[in-house]
Amino acid sequence: RDLMTSLRGASRFVPRPVMKCDKNPRVCLAKDSPGPDCCKKKCCGKKCKHWQVCCKGQYVNVMSDKKHCGRCSNRCKKGSSCTFGMCSYA
């Protein structure tokens, strides 16, 4: 008798997986979304500044960042610099 449990009030529905904007950026355009931009795998209302891109959850300047030169994860070789989004420009 004591082993019987009630399922009353238990949900019959399996929760949906949370959609992340890094895999599906259109989720940020949904109603009640905090904003149309995606960074740190979340929708936000903060837009990247000019020449910035969201790389690995950080806003970076791809025109001068040696780890993200011109695009995310484009690392310049040791001893070279990132100028105008290109490694060893000059």
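**Three disulfides and two patches**

Guide: Let's start with one cysteine: Cys72 is partly exposed, with a relative accessible area of 31%. Keep in mind that this is a predicted model.

Visitor: Which residue does Cys72 pair with in a disulfide?
Guide: The sulfur-to-sulfur distance for this link is 2.1 Å, and a pair counts as a disulfide when the sulfur atoms are within 2.5 Å, so this one qualifies. The partner of Cys72 is Cys55.

Visitor: Is that link of Cys55 and Cys72 left-handed or right-handed, and how far apart in sequence are the two?
Guide: The angle about the S-S bond is -85°, and the link is left-handed. It connects distant parts of the chain, with Cys55 in strand 3 and Cys72 in the loop between strand 4 (58-61) and strand 5 (82-83). Their separation is 17 residues.

Visitor: Is Cys55 buried or exposed?
Guide: Cys72, its partner, is partly exposed at 31%. Cys55 has a relative accessibility of 1%. Buried means under 20%, so Cys55 falls on that side of the cut-off. That makes Cys55 buried.

Visitor: How many disulfides are there in the whole structure?
Guide: Cys55 and Cys72 make one of them, and Cys69 with Cys82 make another. Cys76 and Cys87 also form one. The total is three.

Visitor: What does the disulfide of Cys69 and Cys82 tie together, and how many residues apart are those parts?
Guide: The sulfurs of Cys69 and Cys82 sit 2.2 Å apart, and with 90° about the S-S bond the link is right-handed. Cys69 is in the loop between strand 4 and strand 5, while Cys82 is in strand 5, so the bond ties together parts of the chain separated in sequence by 13 residues.

Visitor: Are Cys69 and Cys82 buried or exposed?
Guide: The cut-off for buried is under 20% relative accessible area. Both Cys69 and Cys82 are buried.

Visitor: Where do Cys76 and Cys87 lie, and how many residues separate them?
Guide: Their sulfur atoms are 2.1 Å apart, and the link is left-handed, with -85° about the S-S bond. Cys76 is in the loop between strand 4 and strand 5, and Cys87 is in strand 6 (residues 86-87). The gap is eleven residues.

Visitor: And which cysteine of that pair is partly exposed?
Guide: Cys76 counts as buried, at 8% relative accessibility. The other has a relative accessible area of 30%, which is partly exposed. That residue is Cys87.

Visitor: What pattern does the chain follow along the sequence?
Guide: The chain has zero helices and six strands. Read along the sequence, that gives β-β-β-β-β-β.

Visitor: Which residues form the nonpolar surface patch?
Guide: Together they have about 340 Å² of accessible area. One of them is Met86, in strand 6, partly exposed at 40%. The trio is Phe84, Met86 and Tyr89.

Visitor: What is unusual about phi in Phe84?
Guide: Most residues other than glycine have a negative phi. Phe84 lies in the loop between strand 5 and strand 6 and counts as exposed at 55% relative accessibility. Its phi is positive, near 55°.

Visitor: What about phi of Ser73?
Guide: Ser73 is in the loop between strand 4 and strand 5, and counts as partly exposed at 46%. Phi of Ser73 is positive too, near 60°.

Visitor: Which member of the positive patch is in the loop between strand 2 and strand 3?
Guide: The patch is formed by Lys20, Lys23, Lys40, Lys41, Lys42, Lys46 and Lys49. Strand 2 covers 42-44 and strand 3 covers 52-55, and the loop between them holds Lys46.

Technical notes. Residues are numbered from 1 along each chain as its sequence is written. This is a predicted model: local features need pLDDT of at least 70, side-chain atom pairs count only at pLDDT 80 or more; totals for chains, interfaces and linings use all residues. Side-chain values use heavy atoms; hydrogens and water are left out. Patches are made of residues with over 30% relative accessible area and no salt bridge: like charges are joined within 9 Å, nonpolar side chains (Val, Leu, Ile, Met, Phe, Trp, Tyr) within 5 Å. Accessible areas come from the Shrake-Rupley method with a 1.4 Å probe; for residues, only the protein chains shown count as cover. A salt bridge is a side-chain nitrogen of Lys or Arg within 4 Å of a carboxyl oxygen of Asp or Glu. Lys and Arg count as positive and Asp and Glu as negative; His and the chain ends are not counted. The place of a charge is taken as NZ of Lys, CZ of Arg, CG of Asp or CD of Glu. Helices (H or I, at least four residues) and strands (E, at least two) are DSSP runs, numbered from the N terminus. Buried means under 20% relative accessible area, exposed over 50%, partly exposed in between (1.4 Å probe, protein chains only).
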